[in-house]
Structure formats: C-alpha cells, structure tokens
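The exercises below are meant to be worked with the sequence and the model open side by side. Please attempt each task before reading the solution that follows it.

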Amino acid sequence: MAAHQHGTAGRGGGGGSMEIFPYSYSSGRDLELVDLPAEPVDVKRQDSLYRDATMPAHHGHNGQESWVRTLRLAFQCVGILYADLGTSPLYVYANTFKYGVHHEDDVLGVLSIIIYSFVLFTMIKIVFIALYANDDGDGGTFALYSLISRYAKVCLIPNQQAEDELVSRYKHRSKPSATLRRAQWMKDLLETSKTAKVSLFFLTILATALAISDCMLTPPISVLAAVNGLKLRAPHLTTDETVWITVGILVVFFAVQRLGTDKIGYTFAPVVFVWLLLISGIGLYNTVKYDVSTLKAFNAKYIVDYFRRNKKKGWVSLGEILLCFTGTEALFADLGYFSIRSIQLSFTFGLLPSVMLTYIGQAAYMRKHIDTLDISNVFFQSIPRSLFWPTFVLALITSVIGSQAMVSCAFATMSHLQALNCFPRVKILHTSRRYSGQLYSPEVNVFLCIAACVVTVSFRTTGFIAKAHEICVVLVMVITTLLMTIVMLLVWKVNIWWIAVFFAVFMSTECVYTAAVLYKFTHGPYVPLAMSAVLMFVMAVWHYVHVKRYRHELERTVSRDAARDLLERGDLKRVPGLGLFYTELVQGIPPIFPHLVGKIPTIHSVVVFITVKSLPVPHVHVTDRFLFRQVEPKEFMVFRCVARYGYRDALETAADFVSVLVEYLQYYVRDLNLYGVVGDEPFKIVFHSARVDSFSWEKHSSGHAVYAEEMLTPAQSFSELTMHPVSMSSRLAHFQTGKMNLEEMLKIEEDQKIIQREVDNGVVYIIGESEVVAKPHSNLFKKIIVNYVYSFLRKNSRNGEKMLSIPRGQLLKVGITYEI
C-alpha cells in the first residue's frame, strides 16, 4: 500500500512506519485477547482518519422476511412501480402501426416481439437478474456505480486510499481461482486506468441525465395518450384542446408534488390494481370474442416472418415496439422501497399476465377490424362501449400515477448526483419520516413542470414524444447491461461463460433496438439527447472544478508542525464558544484556516473542523456517523471530525446536528483521556462490537510518545466499561497502565465540562467561501469553463449555509480565491 505524501494536522503527516504488536484488546460484552502474528508487521503509515472516512456502516437486515410482509410489499409495488408499465398499452400499437396495418399477420409479428421483448428485458434481465445487483437494497444505475465503487476505487475525487479494501468486502485469497483472478484484473483495471474511471463515470452521468430527460417525457406521453381517448366521445375536440387539457393536468400534477408522497403505495395501489384487473379482463374478453388464434403469437416464427415481410420497415418499427417496457428503469431504481421477492412475486403473478392479456386482446380486435380501424386510438376503440368512461377515468388517473413514479425517481436521482458532487446544490426535502426514499426538490419540480409543458405544447402528439422517449429507454438499457457485466466480473465473480451469455444476448439485441431508434434521429430522439447533453455538461463542469479544487486544497493542507506553530502564536486570542469550521477535506487542516488566523488572529475556545461526507451506501446509522481526531497540542481543544452520510440520508438542522455532534465528541474525549497515553511502547487497540471501532497509535522517531489518533464511534458507555464483571484494571493490565485512578476520571470530567461550557457560550458556524478561477496561463477553453460557466452555476445554486440550515446570526464566512 502506498503511503500518503500529503501533510496533515496532528500526527497525520508524512510517511513512516507503524508496528503492530502481538496483542490486540477487544471490547464487547465479553473480554477477549485476539492473537496477532508473533512478529511485528511493518506497514506503510496511513492517515487513519483518511482511511476510515470511507468505511460504510452495514445496518441492513439480511434475514428472511415473512410472507405477510412480502405480500404487503407486493401489493404496494403495484401502486408505485407498475403504473407506467401498465399504461404502455395506451400508445404502443398506435405508434407502431401509425401508417396502418398492411398485413393481418403483421399484428401477430408485432405482438410476438412485444411478448418476448417484455419477458427478456423486463422480466429476465431486470426482475430476475439486475435486482440482485443492488447496493444495500437500493437500485438503479447510480446504485450499480455505487456498488462498483465499494469494490474498486473508481471515484475521481481523491478521498480514498488502499486501505479502503478493508471495508469494500473485496477479499484476497492465497490461492485465487480463475473467477477471482478475473475479478482482481477488473479491479486493477478500474483503479489504475484513468480512462476506465472516466468512462465509468461518463456512463453513470449519461444514464442519470437520460433518466431525468425521461422524466420530462413520461408525464406528457402518458397523460396525452389518456386524454386523446376523449375524442371517441367528443369528436369535435381538436388537437389544440387536448394539448391544453393535458397541460392543465400536468400543472396540477406538479403543483401537488410539494405535499409529498407519504404512504404512496397504499394510496395508489388499489387504483392501479383495479386498472390492471380491468384491462386484463377486457383483453381476455376481446381475445375470446374476436380472435382466439391470436395466441399463435407465442410462436417466435411470426417474428421471423414479420421481418422477412417488412424488411427495413420492420426493423425501424422496433423503436416504437420497445415502448412496451418503458418504466422498467424506474422499477429498478425504486427497489429501495421494497424487497426483491415482493417485486418478483407481484410482477410474475400480477403485472405480467395483465399486460400480456391486454396486448393480446388489442391484437385480436385489430385483426378483426383491420379495414375499419382508427389506429391512432386503438386502445379505447377495443374497449366495450359500456366500459368506456370507467376505463377512461382509470386510464387518466393511472397515467398520472405512472408519472408520479418517474418524477419521484428524478428527485432521488438529483439527490444521488449531489452526493457525487456532480450537480449544483438544490434543495432536497425528505417528505416522510417513515420512508427515507421519498424526496422532493422545489427547483427540480419547477424545472420538470416547465419542461413537460413545453414538450406537450411543442410536440402536440404522442407519436413525436414517443420517438423522443425511445432513445432514453434504449440507452439506459445498454448502460445497465455494461454496468451489470462489470458487477458480474468484479462483485459476483460469476463463471465467465454465464457472463459471456448475458453480455452477448442482451448487448446484441439492445444494439439492434438502439440502431433502429438512432435511424430516426432527426424525428425526435435528438430532443432528449440534447437535453441530456446539457445536463451532462453541467455535471461535468461542476465535477471537474470540484475535483480540481479538492486536489488544490489537498496539496496545501497544513502540516502538523505548521498547525502547532499556528496555535501557539503569542498574539492568537481565544474567544468563548464552539467554532465549527466546515471543510470538504477528510484529512488535514484546510489552507483557508491559516488564511483566517492571519487576517484575524482569533479562534474559539473549542474548534472542530467538520467535513460532511457522502459515502457510496444508502444509509449510515447515527452511531457510525462521526470520526474524530484531536489536533496537537491537546490543551488547545482543536478537533477534526468527518460526519458521514449515505446518499439517501437527510441532513439534520444545524441545532440538531450540533447536539448529536457534541454528544459523540464527549464520548471521544472520554475515551481519548482514558486510553490516550498508556506506556512507552506502541501498540494497537481494536474494539469489536456490532461495528468496528478502533484506535491506532504511532511511534515517532523522536521518541516513544504514544498518541490516540482517532476513534470511529463510541465503543461503549463509561458505565458499561466500569460495571462489567471484568474489572477495568484487569482489562488494561497488559497495556502497562495499572488502574484508572481518580486523576484520570477528573481529567475526563473537566474536558467534557469545557466542551459543554463553550457550547453554552454559543456556537459559530464558519464556512469557507472559496472562489475558483483558472490560472492566468490556462488555455481559453479552461478559462471559459472555470471563470464563467462554473461561476454562473455556483452563483445560481444554493449556498452551503442554506443546505446545512445554518442560522444567519451564527454564520461567519471566510473568503479566499484559489487558482487551479
């Protein structure tokens, strides 16, 4: 493992060596000695706070869920996941046969393609394969990238290092098999090749940009297709009128988003369930009444005949046929609400038969009325006259529900992008205390509303919107296949032949669909690609400058000696209160701190450097949230802290954050005083409980001073340690410390009182306002990107204090300019 060369505060600077001695102290309900190698192990010294800052907490449950819970979740799935897939019969045939049906067997050919495409891409690929590639229960393209990043260091921001392997669950073996060798090869490729890292990052942001673009298209096409059904009962209704009715519904739909989607599954599931039951019943009725022989479409021979008969036109029509599985990406992305088994159960026995019966019934009706058919409204024409209005109302409501799933997916996607530092800050609200994945963003909601209305007014018909919709669906499919292949190699370590079969089958068929969609590029697909290109440009600029700024600060972190000299300055004054100094660095003291002290030689009595860090996991439990380290000299009460959050965790208000932070800082001070100096020899203590909590010590060349570098989380409360049947003195006997005496207890109490007193004196939040500009000798393109584009995005995004809910009266901003 390569040592870090960056200087850090306290004892974190430079490379060196550390000896791990033959004994390790383990604390839990039972005291145990853990045997380590008999000989000391010399390893390169790492900044341990840096190392552990990326350690995820695993609090998920892997136990078998009860069937009652599974059935309840399966019912909720219907409301959230299947509305979009369940409304696709409204427009698939209408767009596929927009120029008419020229041969009655063409209907069977298209139906056969729909059946096998739906089963292959939605059922087999997503429901029975991709759902298992989840990140602690969270799904979607971002979750695939997050899962890969936990097994290989692919993040472009340099806040990882070699010891992350200890928490990535990637294990080396002395005699690796062929699958493990391939996994290691993939891991080395991703970590050593900048091209591979950038390509993986590019695919991820492309998929997220396409998903957001899809969210602009799904509400218009679904609602407009449902509203068009009115023309059968109101023939005088013009296209303009249906467009403006759709716009009105969309405005109301987006306006109510701010109310949140709490208990959305139970609210919408009955409606969607009735819809699926109704359309499947109508499909069965039409099949029996008009043409039972339509069931011949299960014979794949009709697919071959369809392409032989229609040739190029048949191939081009694949773009419209793939609309049958639009909404599949949302099904995967919304996995976090449910369980794999509940989705598989509800999909196999609920959605699949309902949708298949609907397509078969429509095909039977079309074959019977091929000469008199109005293909633009075939769905509502195939409905018995007495059921028209109930079906129309349910179609409209279900279309809105399907749009809701996609918009909720957009909110979650935007939250993920901000966790990756790939998008300007926007406000993210958690609308439910019970369901952590239910999010709302006012800025994103307004943007989607305007975009959806513009798309509706501009395109006016479902045909053009459908063509734009197709490219989003097919490219996300292709990207999912690529990322899934990496997961199979790196994470699952599957037999190479299974990986080859998966890649060959899905990539070949998806490329055929992609080619068919791109053939009609000028007729619609360019629209979402243009929107995605704009979003990707914003993401790339924001991330590029963020990485450059992080590296700039990292190279200029304050060294241990410089920090000591700074704190021991004769003219430095201490003022009452707790100063929380926010920084993005997970290691070292940022260069903006000496800039502040140089201008105003005053700091608070207690100072904590805070880094709010997003981990590639959905959630981090509060007990695993904080990493602390004290900066020398100890009497100055200066600490570093990394506050870790998952990408689905909500940030607390400033007051709540401080109360929890102080509580865990008290724990850290307690244990630091209790175990901080324990003798003349270096050694390592490891606490084993439900989590991995550790101290580490370092031996300096100047002597045998021993320092407690950091504590991940409180191992146990003080009372638990002292009340345990095994006395404290016996626990620490082999550490050459003797007993915990009264002086140590008083020291702990005094330090804790100092912290609490300064909190009572007032908390001041210090945020560095770092302006970033390109160096004078930079090329013109870089100057435009950094000085103008990034500056514009930064000025029009939310400030840090708003994201952290910091009261204005307690805020102190420090300005500095970085040239990158």
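How many salt bridges does a search of the whole structure find? The search finds 16 salt bridges, where a salt bridge is a side-chain nitrogen of Lys or Arg within 4 Å of a carboxyl oxygen of Asp or Glu. The model is predicted, so that local features need pLDDT of at least 70 and side-chain atom pairs count only at pLDDT 80 or more, while totals for chains, interfaces and linings use all residues. Residues are numbered from 1 along each chain as its sequence is written, and side-chain values use heavy atoms, with hydrogens and water left out.

**Exercise 1. Describe the pairing of D106 with R309 and the setting of each residue.**

Solution. Begin with the distance: the side chains of D106 and R309 meet in a salt bridge at 2.8 Å, N to O. Next, place the partners: because D106 lies in helix α5 (residues 104–127) and R309 in helix α12 (residues 301–310), the pair ties together parts that are 203 residues apart in sequence. Helices here are DSSP runs of H or I with at least four residues, numbered from the N terminus. Finally, consider accessibility, for which buried means under 20% relative accessible area, exposed over 50%, and partly exposed in between (1.4 Å probe, protein chains only). D106 counts as buried because its relative accessibility is 3%, whereas R309, with a relative accessible area of 33%, is partly exposed.

**Exercise 2. Find the salt-bridge partner of E510, and state whether the two residues are buried or exposed.**

Solution. The partner is K125, and the closest N and O atoms of the pair are 2.6 Å apart. Since E510 lies in helix α21 (residues 496–519) and K125 in helix α5, the pair ties together parts that are 385 residues apart in sequence. Both E510 and K125 are buried.

**Exercise 3. Locate the salt bridge between D240 and R460 within the chain.**

Solution. The side chains of D240 and R460 meet at 2.0 Å, N to O. The pair links distant parts of the chain, with D240 in helix α10 (residues 239–255) and R460 in the loop between α19 (442–459) and α20, 220 residues apart. D240 is partly exposed at 38% relative accessibility, and R460 is partly exposed with a relative accessible area of 33%. In addition, salt bridges that share partners join D105, D291 and R367 into one network.

**Exercise 4. Characterise the surroundings of C77.**

Solution. C77 is placed in helix α2 (residues 67–81), and it counts as buried because its relative accessibility is 0%. Leaving aside residues up to four places away in sequence, C77 touches Y82, F338, S342, I343 and S346, contact meaning heavy atoms within 4.5 Å. The C-alpha atoms of C77 and D334 are separated by 9.5 Å, although these residues are 257 residues apart along the chain.

**Exercise 5. Explain why helix α20 is described as largely enclosed, and say what follows it.**

Solution. Helix α20 covers residues 462–492, and 28 of its 31 residues are buried, so the helix is largely enclosed by the rest of the structure. After α20 comes K493, whose phi is positive, near 55°.

Methods: Helix = DSSP H or I, 4+ residues; strand = E, 2+ residues; numbered from the N terminus.
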